[in-house]
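Student: Please take a close look at a single helix of this model, and then follow the account outward to the pockets and to one neighbouring residue.

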Amino acid sequence: MKSKGIYGDFFLHMDILIMMVIFIVMNSYLFTTDITINVLSFFPLGILIYMFSEYFTHRFFFHIKAPKNTFLFKLIKRLHYDHHRKPNELKLLFLPVWYSAPSLFFLSTLLYLITRSVPYTLSFASGLLFMFFIYEWKHYVAHRPLKPKTRFGRWIKKTHTLHHYKNENYWYGVSTPFIDVLFGTLKDEKEVEWSATAKHLEDR
């Protein structure tokens, strides 16, 4: 994949552009509705749900043992196994839109079935997408020659690097590593052994 520059590779990536269009269209419609405090309260809920879904999806779906089912194996291979094998390959850094868009629709539909409110659902979906962009950016920075300016940013990059190059069984939170604290997967790197399968998840 030909590089468009360190920032162009992110902001001009097709999967990111499509999700940005969805984000803009949703919010354009949302702002034509009656926006209340109740509506706005679903935005941070979307952020929170994405934080936890990021962790659980990464740990329990992307890191499952190689499925015997051919279709499922190819799916996981594209979504994550190949990324661990070639951590810095640009085309493998981003979640493909064929995964991101249906995931957004699924979670938003669940919220709509609970609330029966389009404004609540759009606000919630906007929160999901907002955190999605943060996730994608943090993940991108973790694998590209960019040095975070904040201590927190450098910590995030370090923990993700440890996940890839030391042991794949820890440090699952890409943009929210503090969630690892809740589930015991944030470790002192000195206490964790090197894993022979960090780059070859399908061999576990």
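Tutor: What follows starts with one helix and moves on to two pockets and a serine. The model is predicted, so local features need pLDDT of at least 70 and side-chain atom pairs count only at pLDDT 80 or more, while totals for chains, interfaces and linings use all residues. Residues are numbered from 1 along each chain as its sequence is written, and side-chain values use heavy atoms, with hydrogens and water left out.

Helix α4 covers residues 42-60 (helices are DSSP runs of H or I with at least four residues, numbered from the N terminus). The 19 residues of α4 reach 26 Å from first C-alpha to last, close to the expected 27 Å (1.5 Å times one less than the number of residues). Along α4, the buried residues are F42, G46, I47, Y50, M51, E54, Y55 and H58 (buried means under 20% relative accessible area with a 1.4 Å probe, protein chains only). These buried residues pack against α3 (37-40), α5 (70-85), α6 (97-115), α7 (118-143), α8 (151-165) and α9 (179-182) (contact means heavy atoms within 4.5 Å).

Y50 also appears in the largest pocket, where Y50, S53, L95, Y99 and S103 are the closest to the centre among 21 lining residues (a pocket is an open set of points on a 1 Å grid over the protein atoms alone, where a 1.4 Å probe fits, with protein on both sides within 12 Å along at least five of seven lines, and lining residues have an atom within 4 Å of a point). This pocket holds about 350 Å³ of space, a volume being the space filled by probe spheres set on the points. Helices α4, α6 and α7 each supply at least two lining residues, and α6 has the largest share, with six. By class, the lining has 13 nonpolar, seven polar and one charged residues (Ala, Val, Leu, Ile, Met, Phe, Trp, Tyr, Cys and Pro are nonpolar; Asp, Glu, Lys and Arg charged; the others polar).

The second largest pocket has a volume of about 260 Å³, and α7 gives the most to its lining, with four residues.

Helix α7 also holds S126, which counts as buried because its relative accessibility is 1%. The side chain of S126 makes a polar contact with that of N27 at 3.2 Å (a pair of N or O atoms within 3.5 Å, one able to donate a hydrogen and the other to accept it). Leaving aside residues up to four places away in sequence, S126 touches F23, M26, N27, L30 and F43.

Technical notes. Buried means under 20% relative accessible area, exposed over 50%, partly exposed in between (1.4 Å probe, protein chains only).
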